[in-house]
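Please open the model in your viewer and keep the selection tool at hand. Each stop below says what to select and what is there.

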Amino acid sequence: MGRKTLIPIGPYHPLQEEPELFKLYCDGEIVKDIQWVTGYNHRSIEKLSESKTYEQVFFLVERICGICSTSHPFAFANAVEEIAGVEITDRAKYIRSVIAELERIHSHLLWVGLAGHFLGYNTVFMWAWKYREPVLDLFEMITGNRNSYAMFKVGGVRRDIEGSKISEIRKVLDVVKKKTDLLTGAVMDDPVIHARTKGVGVLSKQDVIDFGAVGPTARASGLAIDVRMDDPYAAYPLVNWKVITATAGDVFAKAEVRLLEMYESISIIEQCLKGIEKEKEGEITVKVNEIPPGIGHGRAEAPRGEVFHFVMSDGSNCPARHKIRAPSYVNIATFKKSCIGQTIADATITLAGVDPCYCCTERMAVACDSGTGEVILNGRELIERSVLRTGELKSTLKERT
Amino acid sequence: MNNSDIIARIAQEFKGELLNTEVKNQRRAILTIKPEAILKIAAYLYKAAGFRFIIASAVHTKKGFEIHYHFSNDPTGLILNLHVVLDPEKPEIESLSNMFNASNWIEREMHELFGIVFLNHPEPGKLISEGNWAEGVYPYRKEFKSSKNQE
């Protein structure tokens, strides 16, 4: 075995949901092996949760992830309501789904922007993040916060969506829909994006099953799993929508799934808004007096895949055990398959492909040659390589035409 | 096949290994099994019945160390828990990671947090506690006191 170069990506950023360090072992340009180190910033949320009351846990789990901050409270609410045997009102169901789908839209837009940035398409980055803003403004209007919305509680939601807010949401949705058309067109028609992402970071269906991957990562490989459809909760069984899948399993397929999912989200929200209008204003909570002993499983489809919460209650006002599994926990493990054999320039977008809350990778460390300790690349240079590759492809494509 | 048929079939197939069956509702069931049967039953669920491994949750209770292995049958929305109770003195169980990669991380995590030993794990290195945790200290056990609590 020849000497390999080690390129570390990571280790962590305190804002990141799952801080970790990826060590790419490279032979020349090609990634030969990948190893990960996690636990730099173990927040011990599961243990903390055992010392908080059920009402407080919502605010705790909301802070697991800064981007999809409603998916964890959603799964936790499902788990606790399963233990208590509570059926929430239809209005609360619709409101929960509206919040979750708005979040999916802004999270997917964020991903499209970052993916564009890593490919050297800063225009896509600017667009996507610009059009994400109105969605965040909607959250501010509905919940008072642009993020960490504090909307969920056992037995319903904490804030209502009244008539005037509904028309405002509709207005913004129209804008977002038009802009999504624009973005989808720009991404789907661009030959350079095709060249950079097609056949890159391919995950086969069997790989997905083996690693237990979920969300767009699984759906892009032809596995039609979506908790909203398979194990329906909240308002999802009350509205019409379909699960988006693709078969190629590469980065392009993942982008395609995310972009098309945004249209489904818009459609779900529109139907939910009609549902809200039918229900009586103010009926958003059911009183829950106590949580009996027992166990509950809560699932929710976050933008990145299935969030799973397992709650064990001993009849007191705090959970006796609370196990949380975020989607990136299983999705990130698939790098072992998707990155090996790629060039370093493609590794950045492959890692971005599963949308692993990318702030950690933003903080790439300086790379050293594992043999000599010589400094080779830092994070900025790694992105520059990716951008350079896009530039080369652009010029070759131009020559051909 | 609906969910009650699936559960009845598994109960029939592994009659000798099953200690208790609890069907909570249409889409949730808990099968308490003998720990030594975990590989056999998990292999049946994963290979023959097409279940997906979601995650495993370890719990430290008065009975000892319990693990709930959560499996999902996506077409029917069933979550099936394989529930094992391990000896409190010597918690040991066969690793599932030679069968699928999905359990690789969580088994290592349970080892670090609870001190449960997973036999024949293909990659037994530390996952989350490398370098900065004391050896032999398992913070998720009930007897563990954080430094704040000890004061």
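The tour goes from confidence to domains, then to one helix and its partners, and ends where the two chains meet.

**Before you start**

This is a predicted model, in which local features need pLDDT of at least 70 and side-chain atom pairs count only at pLDDT 80 or more, while totals for chains, interfaces and linings use all residues. Residues are numbered from 1 along each chain as its sequence is written, and chains are lettered from A and ligands numbered from 1 in the order in which they are written.

**Stop 1: colour by confidence**

Colour both chains by pLDDT, the predictor's confidence in each residue, from 0 to 100. Chain A has an average of 85, and 88% of its residues score at least 70. Chain B averages 90, with 94% of its residues at 70 or above.

Now select residues 13-17 of chain A, where pLDDT stays under 50. The model has 16 contacts for this stretch beyond four places in sequence; two residues are in contact if their C-beta atoms, placed from the backbone, lie within 7 Å. Next select residues 358-370 of chain A, where the pLDDT is also below 50. This second stretch has 42 contacts in the model beyond near neighbours in sequence. Where pLDDT is low, the predicted coordinates should not be read in detail.

In chain B, select helix H4 (residues 147-150), where confidence is lowest at a mean of 56. Then select strand S6 (residues 92-94) of chain B, where confidence is highest, at 96. Helices (H or I, at least four residues) and strands (E, at least two) are DSSP runs, numbered from the N terminus.

**Stop 2: the two domains of chain A**

Give one colour to domain 1 (5-41 + 330-400) of chain A and another to domain 2 (45-327). These bounds come from an automatic or database domain assignment. The contact between them takes 29 residues from domain 1 and 32 residues from domain 2. On the domain 1 side, the elements that give two or more residues are H12, helix H13 (335-338), helix H14 (344-353) and helix H16 (379-400) of chain A. H16(A) supplies the largest share of that side, eight residues.

**Stop 3: helix H4 of chain A and its partners**

Select helix H4 (residues 90-119) and helix H5 (residues 122-143) of chain A. Their axes come within 7 Å and cross at roughly 160 degrees. Axes are lines fitted to C-alpha atoms, for helices over the stretch in contact, and angles run from 0 to 180 degrees between N-to-C directions. H4(A) and H5(A) are therefore roughly antiparallel to each other, the word for angles over 145 degrees. Among the residues in contact are Leu102(A), Ile105(A) and Leu109(A) of H4(A) and Phe125(A), Trp129(A) and Leu136(A) of H5(A). By class, this contact has 14 nonpolar, five polar and one charged residues. Ala, Val, Leu, Ile, Met, Phe, Trp, Tyr, Cys and Pro count as nonpolar, Asp, Glu, Lys and Arg as charged, and the others, Gly among them, as polar.

Keep H4(A) and add H14(A): their axes come within 9 Å and cross at roughly 175 degrees. That makes H4(A) roughly antiparallel to H14(A). Here Leu114(A), Ala115(A), Phe118(A) and Leu119(A) of H4(A) meet Thr348(A), Ile349(A) and Ala352(A) of H14(A). How many residues of this contact are charged? There are no charged ones, with six nonpolar and one polar.

Then add helix H11 (residues 251-278) of chain A, which packs against H4(A) at an angle of about 155 degrees, with the axes 9 Å apart. H4(A) is thus roughly antiparallel to H11(A). Their contact has 16 nonpolar, four polar and six charged residues.

**Stop 4: where chain A meets chain B**

Show both chains: 22 residues of chain A are in contact with 24 residues of chain B. Elements of chain A that each supply at least two residues to its side include strand S3 (30-38), helix H8 (205-211) and strand S7 (305-313). That side divides into 10 nonpolar, five polar and seven charged residues. For the complex, the predictor gives an ipTM of 0.93 and a pTM of 0.89.

Note on methods: Parallel < 35°, antiparallel > 145°, perpendicular 65-115°, else oblique.
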